Amino acid sequence: MKRGIGYGIAALALVGVPFFSGEYYINLASQIFIFAIFAASINLLLGYGGLPTLGHAAYLGVAAYVPALLHLKLGLGHWISAPAALFGTTLMACAFGLIALRATGLGFLMLTLALSQVLWGTALRWVSMTDGDNGLRGPARPFNLDDATSFYYFALAVTAVSIWLMARFVASPFGATLQGTRDQPRRMSALGHDVWMIRWVTFIYAGFWGGVSGLLFIYYHKYIHPVSLSLANSAEGLLAVIAGGSGTVAGPIVGAAVVMLLKNYVSAYVERWNMLMGFVFVLIVVFMPEGLVPGVRRLWRRFRSVT
(Lines give C-alpha, C1' and ligand atoms only; values in the text may rest on other atoms or scores of the structure.)
Protein backbone atom coordinates (compact mmCIF):
# COMPACT_ATOMS: atom_id res chain seq x y z
CA MET A 1 0.00 0.00 0.00
CA LYS A 2 2.72 2.45 1.03
CA ARG A 3 4.80 1.51 -2.00
CA GLY A 4 1.82 2.16 -4.29
CA ILE A 5 1.30 5.58 -2.73
CA GLY A 6 4.99 6.35 -3.19
CA TYR A 7 4.86 5.37 -6.86
CA GLY A 8 1.77 7.53 -7.33
CA ILE A 9 3.44 10.57 -5.78
CA ALA A 10 6.56 10.02 -7.91
CA ALA A 11 4.43 9.72 -11.07
CA LEU A 12 2.55 12.94 -10.29
CA ALA A 13 5.83 14.73 -9.60
CA LEU A 14 7.33 13.60 -12.90
CA VAL A 15 4.20 14.56 -14.84
CA GLY A 16 4.27 17.99 -13.21
CA VAL A 17 7.93 18.78 -13.92
CA PRO A 18 7.26 20.83 -17.11
CA PHE A 19 4.76 23.02 -15.24
CA PHE A 20 7.32 24.12 -12.65
CA SER A 21 10.61 24.05 -14.59
CA GLY A 22 12.26 25.93 -17.40
CA GLU A 23 13.31 24.43 -20.71
CA TYR A 24 16.85 23.71 -19.51
CA TYR A 25 15.66 21.51 -16.63
CA ILE A 26 13.07 19.80 -18.83
CA ASN A 27 15.81 18.86 -21.29
CA LEU A 28 18.05 17.72 -18.44
CA ALA A 29 15.27 15.46 -17.15
CA SER A 30 14.84 14.00 -20.64
CA GLN A 31 18.55 13.16 -20.72
CA ILE A 32 18.25 11.48 -17.32
CA PHE A 33 15.41 9.31 -18.64
CA ILE A 34 17.52 8.21 -21.62
CA PHE A 35 20.49 7.41 -19.44
CA ALA A 36 18.28 5.62 -16.90
CA ILE A 37 17.18 3.11 -19.56
CA PHE A 38 20.82 2.63 -20.55
CA ALA A 39 21.92 2.08 -16.93
CA ALA A 40 18.98 -0.24 -16.22
CA SER A 41 19.96 -2.41 -19.20
CA ILE A 42 23.48 -2.70 -17.78
CA ASN A 43 21.96 -3.62 -14.43
CA LEU A 44 20.31 -6.67 -16.00
CA LEU A 45 23.79 -8.04 -16.65
CA LEU A 46 25.71 -6.70 -13.65
CA GLY A 47 23.13 -6.61 -10.88
CA TYR A 48 21.07 -9.69 -11.70
CA GLY A 49 23.45 -11.75 -13.79
CA GLY A 50 26.76 -10.94 -12.10
CA LEU A 51 28.27 -10.05 -15.49
CA PRO A 52 30.18 -6.75 -15.42
CA THR A 53 30.38 -5.10 -18.84
CA LEU A 54 32.38 -2.21 -20.24
CA GLY A 55 31.03 -2.46 -23.77
CA HIS A 56 27.36 -1.62 -23.42
CA ALA A 57 27.75 1.70 -25.20
CA ALA A 58 28.01 -0.36 -28.41
CA TYR A 59 24.24 -0.92 -28.38
CA LEU A 60 23.40 2.70 -27.66
CA GLY A 61 25.77 3.88 -30.38
CA VAL A 62 24.70 1.42 -33.07
CA ALA A 63 21.00 2.04 -32.42
CA ALA A 64 21.70 5.76 -32.82
CA TYR A 65 23.86 5.42 -35.94
CA VAL A 66 21.42 3.20 -37.87
CA PRO A 67 18.55 5.75 -38.09
CA ALA A 68 21.02 8.53 -38.93
CA LEU A 69 22.58 6.49 -41.75
CA LEU A 70 19.28 5.25 -43.12
CA HIS A 71 17.90 8.78 -43.06
CA LEU A 72 20.93 10.45 -44.68
CA LYS A 73 21.95 7.73 -47.13
CA LEU A 74 18.58 6.28 -48.14
CA GLY A 75 16.06 8.89 -47.01
CA LEU A 76 14.05 6.37 -44.97
CA GLY A 77 11.57 7.49 -42.33
CA HIS A 78 11.12 6.56 -38.70
CA TRP A 79 8.70 3.69 -39.33
CA ILE A 80 11.49 1.78 -41.07
CA SER A 81 14.65 3.13 -39.43
CA ALA A 82 13.51 2.68 -35.80
CA PRO A 83 12.56 -1.02 -36.12
CA ALA A 84 15.69 -1.58 -38.21
CA ALA A 85 17.83 -0.04 -35.45
CA LEU A 86 16.27 -2.21 -32.74
CA PHE A 87 16.42 -5.35 -34.86
CA GLY A 88 20.04 -4.71 -35.82
CA THR A 89 21.04 -3.98 -32.23
CA THR A 90 19.33 -7.13 -30.97
CA LEU A 91 20.97 -9.21 -33.70
CA MET A 92 24.33 -7.70 -32.77
CA ALA A 93 23.71 -8.61 -29.12
CA CYS A 94 23.03 -12.20 -30.23
CA ALA A 95 26.40 -12.36 -31.99
CA PHE A 96 28.36 -10.50 -29.31
CA GLY A 97 26.86 -12.73 -26.63
CA LEU A 98 28.19 -15.81 -28.39
CA ILE A 99 31.69 -14.32 -28.11
CA ALA A 100 31.59 -12.56 -24.73
CA LEU A 101 29.94 -15.42 -22.84
CA ARG A 102 32.85 -17.69 -23.59
CA ALA A 103 34.21 -16.22 -20.34
CA THR A 104 32.93 -14.81 -17.04
CA GLY A 105 34.21 -12.23 -14.60
CA LEU A 106 37.24 -10.29 -15.81
CA GLY A 107 37.35 -12.23 -19.08
CA PHE A 108 33.76 -11.27 -19.87
CA LEU A 109 34.52 -7.65 -18.98
CA MET A 110 37.50 -7.52 -21.34
CA LEU A 111 35.66 -9.22 -24.20
CA THR A 112 32.75 -6.76 -24.03
CA LEU A 113 35.26 -3.90 -23.93
CA ALA A 114 37.15 -5.26 -26.94
CA LEU A 115 33.98 -5.69 -29.02
CA SER A 116 32.84 -2.18 -28.20
CA GLN A 117 36.23 -0.71 -29.04
CA VAL A 118 36.12 -2.36 -32.46
CA LEU A 119 32.87 -0.53 -33.20
CA TRP A 120 34.19 2.73 -31.77
CA GLY A 121 37.29 2.51 -33.96
CA THR A 122 35.16 1.68 -37.00
CA ALA A 123 32.87 4.66 -36.43
CA LEU A 124 35.86 6.94 -35.93
CA ARG A 125 37.87 5.79 -38.97
CA TRP A 126 35.17 4.97 -41.53
CA VAL A 127 34.86 8.60 -42.52
CA SER A 128 33.05 7.97 -45.81
CA MET A 129 30.18 6.33 -43.91
CA THR A 130 30.11 8.01 -40.49
CA ASP A 131 31.92 11.33 -41.12
CA GLY A 132 34.38 10.20 -38.46
CA ASP A 133 35.10 12.71 -35.73
CA ASN A 134 32.62 15.19 -37.22
CA GLY A 135 29.71 12.92 -36.42
CA LEU A 136 26.41 12.55 -38.25
CA ARG A 137 23.31 14.69 -38.21
CA GLY A 138 20.39 12.53 -37.20
CA PRO A 139 16.79 12.53 -38.41
CA ALA A 140 14.16 14.89 -37.04
CA ARG A 141 12.22 13.74 -34.01
CA PRO A 142 9.18 11.54 -34.67
CA PHE A 143 5.58 12.56 -33.96
CA ASN A 144 6.47 16.28 -34.18
CA LEU A 145 8.19 16.17 -30.78
CA ASP A 146 10.24 19.27 -31.51
CA ASP A 147 9.62 21.21 -28.30
CA ALA A 148 11.17 20.24 -24.98
CA THR A 149 7.91 19.48 -23.17
CA SER A 150 6.46 17.09 -25.74
CA PHE A 151 9.73 15.16 -25.99
CA TYR A 152 9.92 15.06 -22.18
CA TYR A 153 6.56 13.28 -21.96
CA PHE A 154 7.54 10.95 -24.80
CA ALA A 155 10.80 10.04 -23.05
CA LEU A 156 8.97 9.66 -19.72
CA ALA A 157 6.45 7.25 -21.26
CA VAL A 158 9.15 5.16 -22.98
CA THR A 159 11.23 5.08 -19.79
CA ALA A 160 8.28 4.04 -17.64
CA VAL A 161 7.41 1.17 -20.01
CA SER A 162 11.07 0.14 -20.32
CA ILE A 163 11.73 0.07 -16.58
CA TRP A 164 8.46 -1.77 -15.95
CA LEU A 165 9.26 -4.45 -18.51
CA MET A 166 12.77 -4.90 -17.14
CA ALA A 167 11.35 -5.10 -13.61
CA ARG A 168 8.87 -7.75 -14.75
CA PHE A 169 11.73 -9.65 -16.39
CA VAL A 170 13.81 -9.87 -13.21
CA ALA A 171 10.73 -10.64 -11.07
CA SER A 172 9.73 -13.56 -13.30
CA PRO A 173 10.75 -17.19 -12.76
CA PHE A 174 13.38 -16.66 -15.45
CA GLY A 175 14.73 -13.70 -13.45
CA ALA A 176 14.96 -15.95 -10.40
CA THR A 177 17.01 -18.48 -12.33
CA LEU A 178 19.20 -15.65 -13.63
CA GLN A 179 19.98 -14.56 -10.09
CA GLY A 180 20.65 -18.20 -9.25
CA THR A 181 23.28 -18.33 -12.00
CA ARG A 182 24.82 -15.21 -10.49
CA ASP A 183 25.06 -16.64 -6.97
CA GLN A 184 25.51 -20.37 -7.53
CA PRO A 185 26.20 -21.20 -11.19
CA ARG A 186 27.49 -24.71 -10.48
CA ARG A 187 24.50 -25.59 -8.32
CA MET A 188 22.10 -24.23 -10.95
CA SER A 189 23.84 -26.32 -13.60
CA ALA A 190 23.60 -29.39 -11.36
CA LEU A 191 19.86 -28.75 -10.99
CA GLY A 192 19.47 -28.97 -14.75
CA HIS A 193 19.46 -25.30 -15.75
CA ASP A 194 21.39 -24.24 -18.84
CA VAL A 195 23.46 -21.46 -17.28
CA TRP A 196 24.99 -20.32 -20.57
CA MET A 197 21.60 -20.06 -22.31
CA ILE A 198 20.10 -18.08 -19.41
CA ARG A 199 22.96 -15.61 -19.59
CA TRP A 200 22.79 -15.39 -23.38
CA VAL A 201 19.07 -14.59 -23.36
CA THR A 202 19.68 -11.92 -20.72
CA PHE A 203 22.57 -10.52 -22.75
CA ILE A 204 20.28 -10.16 -25.77
CA TYR A 205 17.51 -8.61 -23.69
CA ALA A 206 19.94 -6.10 -22.18
CA GLY A 207 21.27 -5.27 -25.64
CA PHE A 208 17.72 -4.58 -26.87
CA TRP A 209 17.09 -2.04 -24.11
CA GLY A 210 20.49 -0.50 -24.75
CA GLY A 211 19.23 -0.03 -28.30
CA VAL A 212 16.05 1.65 -27.04
CA SER A 213 18.17 4.17 -25.13
CA GLY A 214 20.17 4.74 -28.32
CA LEU A 215 17.02 5.54 -30.30
CA LEU A 216 15.94 8.08 -27.70
CA PHE A 217 19.49 9.46 -27.72
CA ILE A 218 19.49 10.18 -31.47
CA TYR A 219 15.97 11.60 -31.32
CA TYR A 220 16.94 13.94 -28.51
CA HIS A 221 20.30 15.15 -29.81
CA LYS A 222 19.55 14.78 -33.55
CA TYR A 223 23.27 14.03 -33.80
CA ILE A 224 25.55 11.07 -33.18
CA HIS A 225 29.32 11.02 -32.63
CA PRO A 226 31.77 8.09 -32.16
CA VAL A 227 32.21 9.11 -28.50
CA SER A 228 28.78 7.55 -27.87
CA LEU A 229 30.42 4.17 -28.53
CA SER A 230 33.42 4.88 -26.36
CA LEU A 231 34.69 3.28 -23.18
CA ALA A 232 33.87 6.48 -21.26
CA ASN A 233 30.16 6.15 -22.08
CA SER A 234 30.07 2.51 -20.98
CA ALA A 235 31.98 3.36 -17.80
CA GLU A 236 29.53 6.12 -16.90
CA GLY A 237 26.65 3.66 -17.23
CA LEU A 238 28.48 1.13 -15.09
CA LEU A 239 29.21 3.79 -12.46
CA ALA A 240 25.55 4.80 -12.42
CA VAL A 241 24.51 1.22 -11.65
CA ILE A 242 27.11 0.79 -8.91
CA ALA A 243 26.37 4.19 -7.35
CA GLY A 244 22.61 3.75 -7.34
CA GLY A 245 22.67 0.12 -6.25
CA SER A 246 23.09 -2.88 -8.54
CA GLY A 247 20.46 -5.58 -8.36
CA THR A 248 17.68 -3.08 -7.61
CA VAL A 249 15.09 -1.55 -9.93
CA ALA A 250 15.43 2.01 -8.62
CA GLY A 251 19.22 1.96 -8.27
CA PRO A 252 20.14 2.60 -11.93
CA ILE A 253 17.57 5.41 -12.14
CA VAL A 254 19.03 7.18 -9.11
CA GLY A 255 22.57 6.54 -10.33
CA ALA A 256 21.70 7.89 -13.79
CA ALA A 257 20.32 11.06 -12.19
CA VAL A 258 23.51 11.53 -10.16
CA VAL A 259 25.78 11.06 -13.20
CA MET A 260 23.77 13.33 -15.49
CA LEU A 261 23.43 16.07 -12.88
CA LEU A 262 27.17 16.05 -12.27
CA LYS A 263 27.92 15.89 -15.98
CA ASN A 264 25.48 18.49 -17.26
CA TYR A 265 24.58 20.75 -14.34
CA VAL A 266 27.52 20.82 -11.96
CA SER A 267 30.00 21.05 -14.83
CA ALA A 268 28.62 24.51 -15.62
CA TYR A 269 29.85 25.75 -12.23
CA VAL A 270 32.83 23.49 -11.48
CA GLU A 271 35.64 23.39 -14.02
CA ARG A 272 37.09 20.09 -12.78
CA TRP A 273 33.74 18.32 -12.56
CA ASN A 274 35.34 14.97 -13.43
CA MET A 275 37.34 15.18 -10.22
CA LEU A 276 34.17 16.04 -8.31
CA MET A 277 32.37 13.07 -9.87
CA GLY A 278 35.18 10.78 -8.80
CA PHE A 279 35.06 12.21 -5.27
CA VAL A 280 31.30 11.68 -5.08
CA PHE A 281 31.61 8.05 -6.15
CA VAL A 282 34.41 7.45 -3.67
CA LEU A 283 32.15 8.76 -0.89
CA ILE A 284 29.32 6.49 -2.05
CA VAL A 285 31.56 3.42 -2.12
CA VAL A 286 33.03 4.21 1.31
CA PHE A 287 29.81 5.04 3.17
CA MET A 288 27.22 3.12 1.12
CA PRO A 289 29.10 0.30 -0.62
CA GLU A 290 25.82 -1.35 -1.57
CA GLY A 291 24.70 1.80 -3.43
CA LEU A 292 22.50 4.78 -2.69
CA VAL A 293 19.11 3.06 -2.86
CA PRO A 294 19.97 0.05 -0.61
CA GLY A 295 22.04 2.36 1.62
CA VAL A 296 19.19 4.81 2.18
CA ARG A 297 16.84 1.90 2.88
CA ARG A 298 19.30 0.56 5.46
CA LEU A 299 19.58 3.94 7.17
CA TRP A 300 15.81 4.37 7.14
CA ARG A 301 15.28 0.96 8.79
CA ARG A 302 17.88 1.85 11.40
CA PHE A 303 16.14 5.17 12.06
CA ARG A 304 12.74 3.47 12.36
CA SER A 305 14.11 0.91 14.79
CA VAL A 306 15.58 3.66 17.00
CA THR A 307 12.43 5.76 17.03
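## Salt bridges

Lysine 263 and glutamate 236 are joined by a salt bridge between their side chains, with an N to O distance of 3.0 Å. This pair links distant parts of the chain, since lysine 263 belongs to helix H12 and glutamate 236 to helix H11 (residues 231–244), 27 residues apart. A salt bridge here is a side-chain nitrogen of Lys or Arg within 4 Å of a carboxyl oxygen of Asp or Glu. Helices (H or I, at least four residues) and strands (E, at least two) are DSSP runs numbered from the N terminus. The model is predicted: local features need pLDDT of at least 70, side-chain atom pairs count only at pLDDT 80 or more, and totals for chains, interfaces and linings use all residues. Residues are numbered from 1 along each chain as its sequence is written, and side-chain values use heavy atoms, with hydrogens and water left out.

Three salt bridges are found in a search of the whole structure. In another of them, aspartate 183 pairs with arginine 182, and their closest N and O atoms are 2.9 Å apart. Glutamate 290 and arginine 298 also form a salt bridge, with 2.6 Å between the closest N and O atoms. Side chains of opposite charge can pair when their charged atoms come close.

## Exposure of the paired residues

Burial is graded by relative accessible area: buried means under 20%, exposed over 50%, and partly exposed in between (1.4 Å probe, protein chains only). Glutamate 236 is buried because its relative accessible area is 14%. Its partner lysine 263, at 28%, counts as partly exposed.

Aspartate 183 has a relative accessible area of 49% and is therefore partly exposed. Arginine 182 is partly exposed at 30%. The values for glutamate 290 and arginine 298 are 29% and 25%; glutamate 290 is partly exposed, and so is arginine 298.

## The largest pocket

The largest pocket has a volume of about 1200 Å³. Pockets and cavities are found on a 1 Å grid over the protein atoms alone: a cavity is a set of points where a 1.4 Å probe fits but cannot get out, a pocket is an open set with protein on both sides within 12 Å along at least five of seven lines, and lining residues have an atom within 4 Å of a point. Grid points are joined across faces, edges and corners, and a volume is the space filled by probe spheres set on the points.

Thirty residues line this pocket, and Tyr7, Ala10, Val249, Ala250 and Ile253 lie nearest its centre. At least two lining residues come from each of helix H1 (2–20), helix H2 (23–46), helix H7 (148–171), helix H12 (251–265) and helix H14 (292–306). H1 supplies the largest share, nine residues. By class, the lining has 24 nonpolar, three polar and three charged residues. In this division Ala, Val, Leu, Ile, Met, Phe, Trp, Tyr, Cys and Pro count as nonpolar, Asp, Glu, Lys and Arg as charged, and the others, Gly among them, as polar.

## Cavities

The structure holds two cavities of 30 Å³ or more. The largest cavity has a volume of about 80 Å³, and its lining includes Ala40, Asn43, Tyr48, Thr248 and Val249. H2 and H7 each give at least two residues to this lining, with the largest share, four residues, coming from H7. Nine of the lining residues are nonpolar, two are polar and none is charged.

The second largest cavity has a volume of about 50 Å³. Among the residues that line this cavity are His56, Tyr59, Phe96 and Phe203. Helix H3 (57–74) and helix H5 (106–125) each supply at least two lining residues, and H5 gives the largest share, three. The classes are six nonpolar, five polar and no charged residues. Phenylalanine 96 is in helix H4 and is buried at 15% relative accessible area.

## Positive phi angles

Most residues other than glycine have a negative phi. Aspartate 131 has a positive phi of about 65° although it is not a glycine. Aspartate 131 sits in the loop between helix H6 (127–130) and strand S1 (136–137), and is partly exposed at 36% relative accessibility.

Phenylalanine 143 also has a positive phi, near 60°. This residue is in the loop between S1 and H7 and is exposed, with a relative accessible area of 53%.
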